[in-house]
Amino acid sequence: MAKLHIKKNDTVIVLAGEDKGKTGKVLKVLIEKQRAVVEGVNMVSKSMKPSAKNPQGGIVKQEAPIHVSNLSLIDPKSGKATRVAIKHEGKNVVRIAKKSGEEIK
């Protein structure tokens, strides 16, 4: 199973596609499919049947997964897109922004 450079709750920017330039928080990461669901990005319309949760039913807008190759982490210092370096500190693994050298939390 491949490791990904993004995790849940990271702030990312979209590099390619219809939503290029948009930023958002990662809500969910699908490791097997190498995709992520980002808040407010790649919105699709989905038909919903009436249910206990949604008694009205109808068309609902929701986020669809986007491939991680189209996402880049945002540098905590500069606020721009950055690549990620992985540093091993004993048993801990730390992600570091390549642009500023700061640790990504």
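The legends below describe close-up views of a predicted model.

**View 1. The six-stranded sheet.**
Six strands make up an open sheet in the order E6-E3-E2-E1-E7-E8, and their pairing is antiparallel. At its edges lie strand E6 (66-67) and E8, each of which pairs on one side only. E1 and E7 run antiparallel and are joined by three bridges. Ile13 stands opposite Ser72, a residue of E7. In a regular strand, side chains alternate between the two faces of the sheet.

**View 2. The hairpin of E7 and E8.**
E7 pairs with strand E8 (residues 81-82) over two bridges, in the antiparallel sense. One bridge partner shown here is Thr82 of E8, which is matched with Leu73. The two strands form a hairpin with six residues between them. Within the turn, Gly79 has a positive phi of about 80 degrees.

**View 3. The largest nonpolar core.**
This core has 14 residues. Those that touch the most other members are Ile6, Val12, Val26, Ala36, Val38, Ile66 and Leu71. Two or more residues each come from strand E1 (11-14), strand E3 (35-38) and strand E7 (71-74). E1, E3 and E7 are also members of the six-stranded sheet.

**View 4. Surroundings of Val26.**
What does Val26 touch, leaving aside residues up to four places away in sequence? Its contacts are Ile6, Lys7, Lys8, Asn9, Asp10, Val12, Ala36, Val37 and Val38. Among these, Ile6, Val12, Ala36 and Val38 are listed with Val26 as the core residues that touch the most other members.

**View 5. The three-stranded sheet.**
A second view of pairing shows three strands that form an open sheet in the order E9-E10-E11, with antiparallel pairing. The edge strands are strand E9 (84-89) and strand E11 (103-104), each pairing on one side only. Strand E10 (residues 92-97) is joined to E11 over two bridges in the antiparallel sense. Ile96 has Glu103 of E11 as its bridge partner.

**View 6. Ala85 in strand E9.**
Ala85 is placed in strand E9. Is Ala85 buried or partly exposed? With a relative accessible area of 23%, Ala85 is partly exposed, because buried would require a value under 20%. Not counting residues up to four places away in sequence, Ala85 touches Val94, Arg95, Ile96 and Lys98. Ile96, one of these contacts, is the bridge partner of Glu103 in E11. Asn54 is 31 residues from Ala85 in sequence, and the C-alpha atoms of the two are 43 Å apart in space.

**View 7. The largest pocket.**
The volume of the largest pocket is about 280 Å³. Which residues line the largest pocket? The lining consists of Ala2, Lys3, Leu4, His5, Ile6, Lys7, Val29, Ile31, Ile86, Val93 and Arg95. By class, seven of the lining residues are nonpolar, one is polar and three are charged. Ile6 of the lining also belongs to the largest nonpolar core, and Arg95 of the lining is a contact of Ala85. Ile6 and Lys7 are both touched by Val26.

**View 8. Two loop residues with positive phi.**
Most residues other than glycine have a negative phi. Gln34, however, has a positive phi near 55 degrees. Gln34 is found in the loop between strand E2 (23-30) and E3. Its relative accessibility is 30%, so Gln34 counts as partly exposed. Asn42 also has a positive value, with phi near 60 degrees. Asn42 sits in the loop between E3 and strand E4 (43-48). Its relative accessible area is 25%, and Asn42 is therefore partly exposed.

**View 9. Gly17 in the loop between E1 and E2.**
Gly17 lies in the loop that runs between E1 and E2. Because its relative accessible area is 58%, and exposed means over 50%, Gly17 is exposed. Thr82 is 65 residues from Gly17 along the chain, and 18 Å separate their C-alpha atoms. In the hairpin view, Thr82 is the bridge partner of Leu73.

Terms used: Residues are numbered from 1 along each chain as its sequence is written. This is a predicted model: local features need pLDDT of at least 70, side-chain atom pairs count only at pLDDT 80 or more; totals for chains, interfaces and linings use all residues. Side-chain values use heavy atoms; hydrogens and water are left out. A nonpolar core is a set of buried Ala, Val, Leu, Ile, Met, Phe, Trp, Tyr and Cys residues joined through side-chain atoms within 4.5 Å. Buried means under 20% relative accessible area, exposed over 50%, partly exposed in between (1.4 Å probe, protein chains only). Helices (H or I, at least four residues) and strands (E, at least two) are DSSP runs, numbered from the N terminus. Contact means heavy atoms within 4.5 Å. Two strands pair if DSSP finds at least two bridges between them. On a 1 Å grid over the protein atoms alone, a cavity is a set of points where a 1.4 Å probe fits but cannot get out, and a pocket is an open set with protein on both sides within 12 Å along at least five of seven lines; lining residues have an atom within 4 Å of a point. Grid points are joined across faces, edges and corners, and a volume is the space filled by probe spheres set on the points. Ala, Val, Leu, Ile, Met, Phe, Trp, Tyr, Cys and Pro count as nonpolar, Asp, Glu, Lys and Arg as charged, and the others, Gly among them, as polar.
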